[in-house]
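This report looks at helix packing, backbone geometry and nonpolar cores, in that order.

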Amino acid sequence: MAKARVVGIDLGTTNSLIAYMQGNTPVVIPGTDGSRLVPSVVALDPVPPEGGRATLTVGSGARMALIETPERVIYSVKRLMGRGLEEVKEELKLLPFHLASDAAAGQADPHEVPRIQLGEVQFTAPEISAYILRQLKRNAERFFGAPVTQAVITVPAYFNDAQRQATKDAGRMAGLEVLRLVNEPTAAALAYGLDRSKEGTIAVYDFGGGTFDISILKLRDGIFEVLSTNGDTHLGGDDIDNLLLTIALDEIYAEHGVDLRRHPDAVQALRKAAIDAKIGLTTAPVVHFDVELANGDHYLREIPREVFELLIEPILARTAAPCKQALADAGLQPEQIDEVVMVGGSTRIPAVQKLVDDLFHLSARGKKPHTELNPDEVVALGAAVQAGILAGDSKATEELLLLDVTPLSLGIEALGGTVARIIERNSTIPASATDHFTTGVDGQANVAIHVVQGERELATDCRSLARFDLKGIPPMSAGLPRIEVKFLIDADGILQVSALEQRSGKAAQIEVKPTYGLTDEQVENMILDSYDHAEEDFAKRLLIEARNEANTLLAAASRAPENPAWEQLTEEERTRIQVAREYLAHAAMGEDPAAIREAVLILDYATRRFAELMMDAAVSSALRGKTMDAAGEDLGEEVTAPHAMAPAEFK
Amino acid sequence: MKPRLNLDLAALETEFHRLSRKLHPDRFARAAENEKQWSLADTALLNDAYRTLKDPLHRTEYLLKLEGADIVLEADAELNPGPIQAQVGNGRKDPSRIPADLLEEVFDLNMQLEEMRGLHKRGGADPELRSSLTRAKKKFDRLLGEVDMDLRAEWLAWDEGDQAARLAAQERMVALLDRRRYLSNLVRDVTETLGA
């Protein structure tokens with residue numbers, strides 16, 4: 001039997017993707033709705049009328065629920081990964097979700113992983129991420145018709161230990177063995193470096209939905225060696241959206257006396273309009289806000305691109321300092337960067353491209369940043385390349401090797417609260433350091449060690465990673481024991497610790513208390529399938545999913561004649577739809593998921609022109625004041641969007 | 001391979017890449033657990049070795065230490081007693097090692113640094129003091145550059161000389177390294193104070 005596939009996953013702030021190596025090429029796997037981007041949005045469905053636990057919807061379906069039931073939907077959860085209570089509180093000022101009530105009231109253990117209230121249920125950030133990962137896993141399993149159990153997941157290069165651990169925990173909860181965490185900019189470099197046997201120094205500028213990373217790499221003989229990395233895990237397109245949203249909310253209050261902040265659904269609608277405006281300004285010189293308020297008033301606002309660029313300038317400027325620091329750490333001048341790769345949706349903004357051009361003196365040198373690969377997909381494609389490297393089953397990746405670095409220095413709190421650095425930032429990982437400790441009191445059996453991550457001189461200014469208790473030290477006079485503690489940052493950028501008392505040769509026992517994080521036991525308990533799909537075997541699940549999909553499509557098709565667009569079809573087209581419908585209805589009663597899926601494709605293909613006609617109608621309705629996207633979502637109620645596999649099958 | 005201070009860096013990199021291909025955890029992603037652990041430990045050691053040898057200063061310190069020279073490595077933490085909280089120190093401020101020719105200047109500089117920090121706390125500014133500190137920083141930067149040149153000048157003698165020449169070079173380098181450590185701490189203090 002062939003070895004199981006390893007997939008590559010980009011678990012993004014805004015969108016998530018799953019990809020694999022199709023022979024020698026990385027390919028993104030589409031979801032059930034045909035889209036290759038799965039919005040990183042999770043919605044708690046309504047409680048079933050017969051009682052029991054509500055199920056969860058992930059992706060575009062969940063995004064639709066955002067307008068209807070915003071209190072049951074969560075997005076941008078990546079911003080909460082690996083963060084403690086105080087940090088989450090800070091994040092939630094900008095997000096419309098709430099902490100579980102005990103935590104909000106200050107009654108929860110501050111060392112517990114914060115829980116978010118979603119409808120009547122509470123979830124930790126890794127659990128929410130696990131639902132997104134499980135959706136991606138299922139999309140891939142559907143695509144392959146086989147189980148998927150091993151994955152490479154990407155994380156922002158500037159993620160700290162806790163954020164990385166939280167991501168790994170999420171993978172485990174989703175039933176995935178995470179073979180490696182790969183830094184997003186490095187993954188992008190892999191995707192670009194695959195089809196070019198290039199040598200040289202490249203910079204990857206990764207400006208995504210919620211995070212910013214810059215990495216500088218040296219390419220030689222298929223070795224991708226990261227020289228330095230820097231970034232800001234609190235900087236992304238989200239910040240631009242929030243800025244536009246804040247301005248609109250303030251203006252609406254000032255001009256119309258309406259305080260929309262108290263209406264989550266209205267805020268969501270406005271946020272959507274802000275995002276549309278931002279996207280529109282990528283190509284259009286000016287966009288118009290037109291939002292109808294509850295009292296019938298209209299909030300009208302024209303935003304020319306120049307004004308937009310002035311507004312976002314302070315946000316974009318925050319990407320400059322990390323770039324300069326990364327160059328300095330690599331010991332390079334901007335002119336020594338041969339190529340710059342652009343990653344993340346926010347790099348589509350013309351002002352961002354100009355900033356990058358200036359930072360690396362590109363046009364002065366007759367160069368352009370690389371945008372050939374879709375900036376939304378390039379990280380997932382790179383993750384698939386890394387998956388290929390780990391699986392060792394692709395010719396294209398045989399000679400490739402990625403040598404990444406740790407983004408932050410690792411240190412130990414010393415006397416007086418200062419930090420003694422033991423592993424410097426930008427050290428190639430795996431990296432290790434050994435330190436020695438002793439006791440200060442006769443017979444002392446425990447020594448406490450506080451490990452921090454960061455560049456500041458004082459431990460309180462750094463990120464607390466963990467407190468370790470060295471236990472079971474044999475009774476000796478003060479200062480006599482010599483405990484050797486080995487710190488090792490593994491290839492995922494995660495810390496491992498081991499200790500040995502050298503005089504007795506006894507392995508000292510270590511009790512690791514991560515400052516923010518789930519214990520192994522908690523993760524075990526949260527494994528999704530343990531309460532969700534435990535007894536269902538894989539084939540059965542495939543059949544259920546195929547049937548569900550068939551039923552959705554059949555229901556939509558049966559309502560089709562009621563739609564005005566139906567009249568615009570030719571007689572032949574209508575007949576073809578009817579035949580395909582009956583064929584699918586018949587297949588759906590059978591037990592073969594493959595046959596059902598084939599019938600789904602046929603009906604989907606037959607209804608394609610009908611879908612287009614409805615889309616046209618939606619465009620006209622958009623001109624009457626609705627946004628394009630909202631109109632598209634209305635459509636979702638009527639027909640399924642073009643199907644995932646249709647183009648490949650029928651083109 | 002003979003330890004050399006004048007190292008062929010291109011050859012070092014090629015060797016690093018060759019060994020990385022052989023040992024890296026990516027090559028053992030689906031191997032048995034014990035193989036994974038060996039790969040992890042060996043690669044960490046390889047990376048630490050490459051990092052040390054690649055950098056001229058770390059390389060000099062490391063190779064001299066191998067020869068038994070008395071050097072305080074920046075990265076080496078000392079063994080310190082601690083009641084409950086473990087204590088570590090990195091021994092980088094050892095007053096007995098102030099270079100004699102700089103004694104007076106360092107004394108003045110420390111006064112100025114104190115004054116500047118005091119000013120910062122009160123939110124004041126003194127352009128004259130600032131430019132004096134900036135001048136001092138320039139000077140110490142230049143002295144650092146000179147030490148680096150002097151160090152390099154000893155490499156050949158250490159690499160190629162006979163036993164006596166080697167020992168003499170080693171002694172001079174140990175002194176230079178002490179001086180360098182002191183200067184670089186000074187520059188760091190001035191930079192921090194100016195930047196604050």
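In this predicted model, helices α9(A) and α11(A) are oblique to each other, because their packing angle of about 50° falls outside the ranges that count as roughly parallel, antiparallel or perpendicular. The axes of helix α9 (residues 305-317) and helix α11 (residues 350-359) of chain A lie 10 Å apart, and their crossing is right-handed. On the α9(A) side the contact is made by A:Glu309, A:Ile312 and A:Leu316, and on the α11(A) side by A:Ala351, A:Val352 and A:Leu355; by class, five of these residues are nonpolar, none is polar and one is charged.

Most residues other than glycine have a negative phi, and most peptide bonds are trans. The following entries concern backbone angles.

| Site | Angle | Loop of chain A |
|---|---|---|
| A:Asp221 | phi near 50° | between β14 and β15 |
| A:Asn426 | phi near 65° | between β21 and β22 |
| A:Ile429 and A:Pro430, cis peptide bond | omega about 0° | A:Pro430 between β21 and β22 |

A:Asp221 counts as partly exposed, because it has 14 C-beta neighbours inside 10 Å, whereas A:Asn426 is buried, with 21 other C-beta atoms within 10 Å.

The largest nonpolar core has 167 residues, and those with the most contacts inside it are A:Ile9 and A:Ala19. Helix α12 (residues 378-391) of chain A gives the most to this core, with eleven residues. Neighbours within four places in sequence aside, the contacts of A:Ile9 include A:Leu133, A:Leu136, A:Val152, A:Ala380 and A:Ala383. A second, separate core has 19 residues, among them A:Leu542, A:Ala557, A:Leu584 and A:Ile602.

Terms used
Residues numbered from 1 in each chain as written. Chains lettered and ligands numbered in written order. Predicted model: local features only at pLDDT ≥ 70, side-chain atom pairs only at ≥ 80, totals over all residues. Core = buried A, V, L, I, M, F, W, Y, C linked by C-beta atoms within 7 Å. Buried ≥ 20, exposed ≤ 12 C-beta atoms within 10 Å, placed from the backbone. Helix = DSSP H or I, 4+ residues; strand = E, 2+ residues; numbered from the N terminus. Contact = placed C-beta atoms within 7 Å. Axes fitted to C-alpha atoms, helices over the stretch in contact; angles between N-to-C directions. Parallel < 35°, antiparallel > 145°, perpendicular 65-115°, else oblique. Left-handed = near helix turned anticlockwise from the far one by under 90°. Nonpolar A, V, L, I, M, F, W, Y, C, P; charged D, E, K, R; others polar.
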